[in-house]
Amino acid sequence: MKLKRILTGYLLAGSFTWAFAVQTVATTFQGVNVEYTGASSSVAGNGDLILQYKTVGANSLTISGGAIKADILVVGGGGGGGGSYYSSNSSNRRYGTGGGGGTVLEKRGVHLAAQTLTITVGNGGVAGSRATNSSGTLASQGGAGTFSSVSGDLFEEIRACGGAGGSYDNKTSSAGGGKGQTSTIVSGTFGKGGGMSPNNGNDLPAAGGAGTGIGGQAGNGNSTNGNDTNKKRQAGAAGGSGIVVVRLTGVCETASVSLADVTVGCLDAVSEFSVAAT
């Protein structure tokens with residue numbers, strides 16, 4: 001595997017400024033040239049090359065000198081958990097809810113002709129703020145996660161939406177919902193919704209898992225233990241960032257690859273993740 005490192009200098013407004021280019025990794029897979037940025041790679045026991053994109057923002061995958069078969073997983077960023085506030089008057093207590101999990105899209109056996117793909121990884125939603133007093137001032141909803149996507153010269157965009165942010169104005173405790181989906185492409189459960197703050201509010205909410213699209217846990221507005229009132233009006237937690245996994249499983253003859261094989265339509269649900277007809 002050949003690693004390219006590029007360092008470029010720019011002269012701006014009379015001062016010398018160094019800018020570091022994105023690291024590009026170049027390798028071959030069964031004779032086909034593959035270059036990528038923003039991904040970690042591993043080789044499965046059966047020889048599949050697994051590229052996991054966890055770097056939030058735009059990344060790339062370039063295929064040249066042939067066509068490959070791939071399995072693709074796209075997961076949006078999880079929503080942030082809502083904040084909370086606490087009052088000695090139980091009717092005025094408000095609970096956050098956990099953030100929603102990011103959408104999970106998965107497709108096996110996609111044919112990819114020579115092209116450059118743009119791989120976008122969504123960010124997790126921001127945490128909802130806790131109240132600064134018992135009346136709920138500045139308590140806020142968690143932010144939504146952003147989408148993850150795959151697009152290319154021969155692709156329409158494949159987009160997995162981010163999860164919704166958790167609310168902050170609930171009178172009863174509520175989880176963020178969503179059990180998530182277990183992937184058949186790479187080990188793990190993705191898109192799980194965030195729950196309530198652990199240990200009855202005495203532990204700070206844990207952020208959504210990095211790179212899994214998990215929603216952030218909510219702030220708890222009803223802690224009964226301890227004397228720290230800040231624990232009784234907690235902030236939520238940020239959602240987990242999204243992930244895109246491209247698992248290279250084999251090569252195919254270029255002559256056998258048609259537009260019907262390489263064009264995938266815009267998708268809203270897992271059931272619609274299929275190769276489009278020309």
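**Exercise 1.** In this predicted model, determine which residue of β5 stands opposite Ala26, and how β4 and β5 pair.

*Solution.* Ala26 has Glu35 of β5 opposite to it. Next, consider the two strands: β4 covers residues 24–29, and β5 covers residues 32–37. Their pairing is antiparallel and comprises 6 bridges.

**Exercise 2.** Establish whether strand β4 is largely enclosed or not, from the burial of its residues.

*Solution.* A residue is buried when its relative accessible area is under 20%. Of the 6 residues in β4, 5 are buried; therefore the strand is largely enclosed by the rest of the structure.

**Exercise 3.** Locate Gln30 and describe the sign of its phi.

*Solution.* Gln30 is situated in the loop between β4 and β5. The hairpin formed by these strands has 2 residues between them. Most residues other than glycine have a negative phi. Gln30 is not a glycine, yet its phi is positive, at about 50°.

**Exercise 4.** Classify Asn59 as buried or exposed, and identify the backbone oxygens that its side chain reaches.

*Solution.* Asn59 belongs to strand β8, residues 57–64. Its relative accessibility is 7%, so Asn59 counts as buried. A polar atom of the Asn59 side chain lies 2.9 Å from the backbone oxygen of Thr55. The side chain of Asn59 also reaches the backbone oxygen of Gly57, at 3.2 Å. Leaving aside residues up to four places away in sequence, Asn59 touches Thr37, Gly38, Tyr53, Leu117, Thr118, Ile119 and Val121.

Key. Residues numbered from 1 in each chain as written. Predicted model: local features only at pLDDT ≥ 70, side-chain atom pairs only at ≥ 80, totals over all residues. Heavy atoms only, no water. Buried < 20%, exposed > 50% of the residue type's maximum accessible area, 1.4 Å probe, protein only. Helix = DSSP H or I, 4+ residues; strand = E, 2+ residues; numbered from the N terminus. Pairing = 2+ DSSP bridges. Polar contact = N/O pair within 3.5 Å; in protein donor to acceptor, adjacent residues only side chain to side chain. Contact = heavy atoms within 4.5 Å.
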